[in-house]
Each structure stands twice: as structure tokens, then as C-alpha cells.
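User: Please take a close look at a single part of this model, a small sheet and what packs around it, and then set that part in the context of the whole chain.

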Amino acid sequence: MACMKLGSKVDAFQRHGQAWPILNPLETEGFTALLNPLWIEGFCTTGLPSDIVVEVGEMSFHLHKFPLLSRSGVLERLIAKAYEEGEEGCSISLPDIPGGAKTFELVAKFCYGVKLELTASNVVYLRCAAEHLEMTEEYGEGNLIVQTEVFLNQVVLKNWKDSLKALQSCDDVLPHAEELHITKRCIESLAVKACTDPNLFGWPVMEHGGPMQSPGGSVLWNGISTGARPNNSSSDWWYEDVSTLSLPLYKRLVSVMEPRGVRQEIIAGSLTFYAKKYLPGLNRRQAASESSTRLEPVAMGAPPSEEDQKLLLEEIDRLLPMHKGIISTKVLFGLLRTAMILRASPSTISNLERRIGMQLDQATLEDLLMPNFSYSMETLYNVDCVQRILEHFLAMDQATGGASPCSIDDGQLMGSPSLTPITMVAKLIDGYLAEVAPDVNLKLPKFQSLAASIPDYARPLDDGLYRSIDIYLKSHPWLSESDREQLCRLMDCQKLSLEACTHAAQNERLPLRIIVQVLFFEQLQLRTSIAGCFLVSDNLEGGSRQLRSGLAGSNEGGWTTAVRENQVLKVGMDNMRLRVSELEKECSNMKQEIEKLGRVKGSSTWGNVSKKFGFKLKSQMCSAQEGSISQQNNGSEKLEKANGGKHKKKASKEE
């Protein structure tokens, strides 16, 4: 740390007592100060007794009037007034001197010409005290005001570390430092250096770590240059240093940085570091391996009170730029969770929800699972908060020109880049619904509202939604038939995969109407798949004819590839045939159960259902499947004949 030496006389101040050791017992021209826990009594070793007592707080300094009044206008007037009153033993009081008794001791040494050092830690106190005591050039050349100003401007403000120490010391004398613009000058110095290459404004850069460097830039070891060059500093090198500032000073520093050219994401990173340091709740969910060693000093000290944490959180929210992606979603969820625990203002919670909504596609399921901290404890998780966050996301997506159901078709559903964020959010919400569905206190309207908030075009498949609905029905068996049907209307049976259809067809918790829809669309998917297989088979057969016509120019590798493709296609069609047989059995069992129900009710349930939905009878579907299977067998025979013809021609060519 840089320093500036003042004075030339040997220090004659001696201190005794419980609080101070004996610094120097040497008697010189000047005085000797004796200190006990409550007062100081001074004597002059040259035989001149002290003629004035200066009281600063609980301490009394027995000094000489001439050195004091020759340097300070305030002391000159106070001493003159005391002598005019004619009191025995002149005594004056300085209750409001900046820095208290410790600073006045340095001022007294300066007045006596005793050696002392100006440093970044005491220059602010001395500058404010000198101004308070009117120690101007009128009372002596090179007075304390000039000396401290020169050191402050030419040394302290040129260096990052010294500027930081000077700013920290402003907290104790803030009104005086503000009046002299010391705080503003330190903040501007730090703001300029934070957006500049640290190698350009002095060494060492780091206050709490990092290697010492020589002026040439090489690393120092025991004061000796090693010749090694340090690693380039990253943009967050100043985070830890400024986190030692008090909240008012830190807030002012951050507010000045952006106009000075510091990027918003760097400022947000500093705010995150500061919040993690003083908000213990943000670090509770971090693994031990992820905790930063730079947070150890804070962890060792006492955490701030809840009221201080609440004020800090609200200030962090005000300072954070309202832009997407400048702060991680996990940190935002941590801030939101802490805000709910500390009962922060509604505006703070609303702002954090809006920030999360802007980048909800970057969240994880673990982030969304926020416990309900309200007194009512209606539900285990805070579903209402997730609903509000989702609404913010959908509003932003709509404002930025997100895709709508009328602007896309099924072929573009999976490939449109603009659908990626909302599709990710739909998958995230479906997973969240599956996690909160077992909560017996979760009401059906709230579950439906959250599930219905996702647009239909955002879900390429409804498997996740079906899973969450199934879990909810399992955890709420008391729901009426109408409620279950209303809940199941949220999903589209046409957007279920074959696996989901198979599960739904055997799910006793689903209403009968939904099961019939699932069976119908499953049969429809199988027909489409089989038709696709025949189309591939016809294309492959046409290709085989082309190969036979161009046999002279073909090679043996082409025949091998065609045979292999035929074999793969045959295996796939065999599997499809087995699957159709299984579905026919399931359909037959379902028809028998429905007929039993119809006999009990005295009406034909299957007929009513088929008329209501416009489905064909099972016999028609099965006959259609039998026709498909016969066509499949014919296609297989054609392929086998094609393979046999290929082998025969190959054998004749070899002969």
C-alpha cells in the first residue's frame, strides 16, 4: 500500500495503560503522552508544562497551544475564547472531529512536526479532520489540507487497491467525505478502472489474492522477479474486492459503472456475487463442491439480520437490468425463493417472476419446485407462482412474434426453430404437473388452468400431459366421472405415441369415452404404418426391376444391399403382423366387456358409442386388418420372388 511520510522529528509520544504499549520511551523536545483507558495526560520533557487540554470524546490530550493555533483556525479561535473566559487551566472540546481521538492524535503529531505516514486507510480521515479544523495555507505553508489532497489525487486515486481502501474508510465520515466529494472521486476512479484492462493501471490488481507483479509485469517471489508472466485477468476480477463495500457505497458504484462502459452482464455478475455473499439462502442449495472459496470469510462471520437481507434483496432487484439472459435462471429462482421467505415487497417478487418468465425455457424442473411459504399452506408447492411465471413467458413469446396454431401445420411442428423455446417450456410444465399431481390438496381447476395454459401447437406429443393426468387421477380417486372426462379433454388422443396408446387402452382410471378414442386412433396409426410399409415395398420392387434391367452395369454389392433391405423389411412386417393380432384380441375383449355393460343397462352400449363417435364396428376393422395382412403376405411373396429371380440371373451369368 502506498504511503507518504510527513514531519521530521522523532516521535515523542509515549502511551501507557491497558490499551496501548509503550512505543518509545525516548524523551525529546515535545511532550510525553500517558494513556489510561479513559484519559490521556501529557507532560513536556523540556520543563515546559502543557498549557491546554483538548478533550476528544472520552480522551483528554494535554498539549501546548502554540503548535496547535499556528496550524488550525478552529483551534486558534477556541483557545482564544478559553483564555478570554479566564478559566484556570485552559480546556477546549472537539466532540465532532471526524475520525475521533485516533485521527486527532495524527493531527497533533502533524502540528508538532513529528514523523507520520499518510496511507490510503487514514488519508480520508485526515482530510476531513483538516477541513473541519480549517488547516489551510493561511495558517502555514504545506498545511494538512494541501498535503492530504496531493496524496489523495496523485497517489490514492491512481491505484485500484488504494482507491478501494479510501472508499471503505468513507463510511465512518460519510457526511464530511460527501461534502468534500471524496466519495464521488473514489467511486469514479473505481468505475473507470473496472472497465479497463487491469494491466494498464498498476499492480498488484487483486486485493484479496493473486500474485504480486513487478512494474514490468513479471511475477514476484520474495520481492525477486521470476520472469514468469501472470495469466490474463478475466472480466470478473473486481467482483470480490467491491463486495467488501457497504450496500450504500456498492449501490452507488454499480449505478456509475454502466454509463462508464461496463457491460450489463458483467454488472449482473457482480450483483450475483454480492447477493450470494450476504444472502445465505442463495447458497443452501449449492453442493459443497460448487461453493466458492471466495465466500469463506463471509461464511465464517455472522450473517446479516433478516431485515438487512430483505433490504439488500430489494436493492439487488432494483439494480438488476431487465434483460433476458444476463443472469442465470437458477440464481433468479434462488432470489425469488429467498424473497418469499423474507416477505419482500410484492413489487420485488413480481419483478423476479417477470425476469424468470423472460427465460423460462432455460429453467429446470428442480427450479420450478418451489415450496409454498404462505401461511395457508393450501398446496405443497407454489403452483400459483409457476402459473404467473408461465403467463409472463407466454406474453413475451406472443409479443416477440411466437408461432400460433394457425401459422403452422403438422409437418412444421418439429422443425421450426421459433418453436424450440415454447416446446421446451411445454415439456417442462408437463414434468412439473406430474410432480405436483400427487398433492391431494391440489384442486382440479388449478391443475387444469396450468395444463391448459400451454398452447396446443407447443406440444408435439401429449405423452407428458397424459402421464401427469394419469398421476392426478390416481391420487384423486374421488373425482366424479364428469370431472375425469373434463380433465382428460386437455389431451389430444391423436398426439399420443403408440406406447402411450397401449398404456391408455388398458388404463382403468380413464373414462370409457377416452379409452374408445384411444383405441380408434391407435388402429388408425397402425393402418398408416402398414400403408407406409407397403409403399416402401413397392418402391423397393420397382428399384429391383431397374437393377435387373441394368444388370450389365451393376456389381455384386448392389445385389447384396437389395437382399439385406428385403430381409429387414420382412422382419418389420412380421412384427407389425403380431402387433395387429394383439390389438385384435384387445379389441375383442373390450367389445365383450362393453356388451356385458350393455346387457346390465338394457341397451346396446357398443352401438351407442359407435354411433356417437362415428366409428366402424370391430368386425369391419378386423376385416380391414385381415385385408391388410393378406396384402402384406402378397407383398412378401413378391419380394421373395424378386430375390429368387436375382439369384438365378446371377448364377447364369457366372456359368
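In strand S6, which residue is the bridge partner of Val53?

Analyst: The model is a predicted one, and in it the bridge partner of Val53 in S6 is Ser91. That pair belongs to the contact between strand S4, residues 52–56, and strand S6, residues 91–93, which run parallel and are joined by three bridges. On the pairing with strand S5, residues 59–63, the sense is antiparallel, and five bridges link S5 to S4. Within this second pairing, Ile52 stands opposite Leu63 of S5. The connection between S4 and S5 is a hairpin with two residues between the strands, and Gly57, which lies in the turn, has a positive phi of about 65 degrees.

Taken together, these pairings give an open sheet of three strands in the order S5-S4-S6, with mixed pairing. S5 and S6 are its edge strands, each pairing on one side only, and from one strand to the next the twist averages 25 degrees. As for cover, S4 is mostly shielded, since four of its five residues are buried. In a regular strand, side chains alternate between the two faces of the sheet.

Two helices lie across these strands. Helix H2, residues 73–84, lies across S4 and S6 and runs at about 135 degrees to S6. Helix H3, residues 100–112, lies across S4 and S5 instead, and its direction is at about 10 degrees to S5. H3 also leads outward to another element, for it is among those against which the buried residues of helix H5 pack; the others are strand S1 (3–6), strand S7 (116–119), helix H4 (123–132) and helix H8 (182–194). H5 itself spans residues 144–154, and its buried residues are Leu144, Ile145, Gln147, Thr148, Glu149, Phe151 and Leu152.

Beyond this part, the secondary structure of the chain comes to 26 helices and nine strands. Of its 655 residues, 45% count as buried, and the chain exposes about 33800 Å², of which carbon and sulfur atoms supply 54%. Among contacts between residues at least 6 apart in sequence, 68% join residues at least 24 apart.

The largest nonpolar core holds 145 residues, and the members that touch the most others are Trp238, Leu335 and Leu360. Helix H18, residues 420–436, contributes the largest share of this core, eight residues. If its neighbours within four places in sequence are left aside, Trp238 is in contact with Trp160, Ala194, Met257, Val262, Ile266 and Ser270.

A last point concerns a charged residue elsewhere in the chain, Arg484, which is found in helix H21, residues 481–488. Arg484 counts as buried because its relative accessible area is 18%, which falls under the 20% cut-off. Not counting residues up to four places away in sequence, Arg484 touches Leu473, Leu479, Glu508, Arg509, Leu510 and Pro511.

Note on methods: Residues are numbered from 1 along each chain as its sequence is written. This is a predicted model: local features need pLDDT of at least 70, side-chain atom pairs count only at pLDDT 80 or more; totals for chains, interfaces and linings use all residues. Side-chain values use heavy atoms; hydrogens and water are left out. Buried means under 20% relative accessible area, exposed over 50%, partly exposed in between (1.4 Å probe, protein chains only). Contact means heavy atoms within 4.5 Å. Accessible areas come from the Shrake-Rupley method with a 1.4 Å probe; for residues, only the protein chains shown count as cover. Two strands pair if DSSP finds at least two bridges between them. A nonpolar core is a set of buried Ala, Val, Leu, Ile, Met, Phe, Trp, Tyr and Cys residues joined through side-chain atoms within 4.5 Å. Axes are lines fitted to C-alpha atoms, for helices over the stretch in contact, and angles run from 0 to 180 degrees between N-to-C directions.
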